[in-house]
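Colleague: I would like a close look at a single part of this model, explained slowly enough that a first-year student could follow along with the structure on the screen.

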Amino acid sequence: MSAKKKDEIIYDHNNDGIDRRGFLKCMAWAGTGAFCVIQGGVLKSYALSRMPETNPKDTMGELSFVQISDSHMGFNKAANPDVAATLKVAVDKINALPTAPEFMLHTGDISHLSKPEEFDTVDQILKGAKPKNVFYVPGEHDVLNDDGKQFLERYGKGSKGAGWYSFEKRGVHFIGLVNVMNLKAGGLGTLGPEQLEWLEDDVKHLKSSTPIVVFAHIPLWSVYPEWGWGTEDSAQALAYLKKFGSVTVLNGHIHQTLQKVEGTVTFHTAASTAFPQPQPGKADSPGPMKVPAEQLRSVLGITDVNYVQGQHALAVVDSTLA
Amino acid sequence: MVLAGALLTIAFVMSVEGRKGLTLSAQDKAATTEVKIDNFSFGPAALTVAVGSTVTWTNRDDIPHTVVSTDDPKKFKSKVLDTDEKFSYTFTKAGTYPYFCSIHPKMTGKVIVQ
């Protein structure tokens, strides 16, 4: 790790907590792919194309899991007429990973229109994945018409409120948050006071050395508020996580990969398995982006996350479905 | 765009005014008015109609939207509208009726009933 490779970018985040240069360089748009790891406050970023030269120890560890997002089952427009097929490709990708993931996180928009048959189809396809355990949080498309009742019945067993919960895996504390309920006109995603109170209480007893993984549908940082890509009260949630040395925030919703590092917090959004959306502000609206059929799989993807004990941060690797 | 919108509004107000001269009652001759949902926005975002008018929203996006009153209690609330689906509501009282898409809350609009 000491020899600096050509493509390797190292930034020191010890000073102000926000390194704009590091943020910009570590932004990875769908289809390009990047690998980021932080050790002792130093961010290391590799282009995915250089991954074969990377020490495999960095992408293997005590815990490996996969994030998938925005499968939008039921969507059938030009941007992707067969979202079931691309979800199956995602499952094939997961099954082909060199390190078998222990479980999966689905960061919402499982369905397109909250129809029972859409959820059924996703459940059926995900049964083909090697990891059998899937942890869900809802996207706004999963709670249409019934305030999330169906979602809770299907996926919310043991959860609190609108479906938030936490669990431990090999020393890592996972927190699933819901920020798609009770949205206010003109506003962004919302966690709400009840959930924030629960979060404060949930992490109070944890040692500051406990690695934290937070997952929620809408980004918990301000990606592009003009398009609603952010969460009103995420700053409060992050304030409760300040004491921790390693916080990884995994989101979906924006259908493209994007990373940002702020102090000890790494933010990451995953690609969709269904269709891409434009870069912030680069189109009239955040609607589905049509790409030539042969390019579609290169703008969809999965996210592989690895935790190595003793390292400060989790290694997050995006791969496309191409 | 802004100028065209303003002209349209003027033209529309004029037509509403014009109609007033020969109206029976609002109930007898309710106007039907359209709001198009395109590119994650309501068009027109502010619509002025006569009392008794039925406003119909049509979703022309590839993504579902809703039309939900922001008043408390809510005056109207559509089911989720998939592509090309419509929602109609008849405004029987004068007033301003703000609304939004509950899935994409940045999308807001209002109906002004005179």
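Which residues of β14(A) point one way from the strand, and which point the other way?

Modeller: Before turning to the strand, please keep in mind that this is a predicted model, and that chain A averages a pLDDT of 84, with 80% of the residues scoring at least 70. Over residues 1-51 of chain A, however, the pLDDT is below 50, although this stretch has 100 contacts in the model beyond near neighbours in sequence.

Chain A has six helices and 14 strands, and the strand you ask about, β14, covers residues 315-320 of that chain. Ala315(A), Val317(A) and Ser319(A) point one way from β14(A), whereas Val316(A), Asp318(A) and Thr320(A) point the other way. This is the pattern to look for, because in a regular strand the side chains alternate between the two faces of the sheet. In β14(A) the residues pointing either way are all buried, so each of them has 20 or more other C-beta atoms within 10 Å of its own. The strand is therefore described as mostly covered, with six of its six residues buried. For the chain as a whole, 50% of the 322 residues of chain A count as buried.

The partner to find next is strand β13, residues 301-307 of chain A, which pairs with β14(A) in the antiparallel sense over six bridges. If you follow the two strands side by side, you will see that Thr303(A) stands opposite Asp318(A) in β14(A), and Asp318(A) is among the residues that point the same way as Val316(A) and Thr320(A). Looking at chain A more widely, residues 24 or more positions apart account for 71% of its contacts with a separation of 6 or more.

Two loop residues of chain A make a useful comparison with the buried strand. His255(A) lies in the loop between β10 (247-251) and β11 (258-262) of chain A, and this residue is buried, because 27 other C-beta atoms lie within 10 Å. Asp147(A), by contrast, is placed in the loop between β6 (134-136) and α4 (149-155) of chain A, and it counts as exposed because it has 12 C-beta neighbours inside 10 Å. The backbone deserves a look as well, since most residues other than glycine have a negative phi. Phi of His255(A) is nevertheless near 55 degrees, a positive value, and phi of Asp147(A) is likewise near 55 degrees.

Conventions: Residues numbered from 1 in each chain as written. Chains lettered and ligands numbered in written order. pLDDT = per-residue confidence, 0-100. Contact = placed C-beta atoms within 7 Å. Helix = DSSP H or I, 4+ residues; strand = E, 2+ residues; numbered from the N terminus. Pairing = 2+ DSSP bridges.
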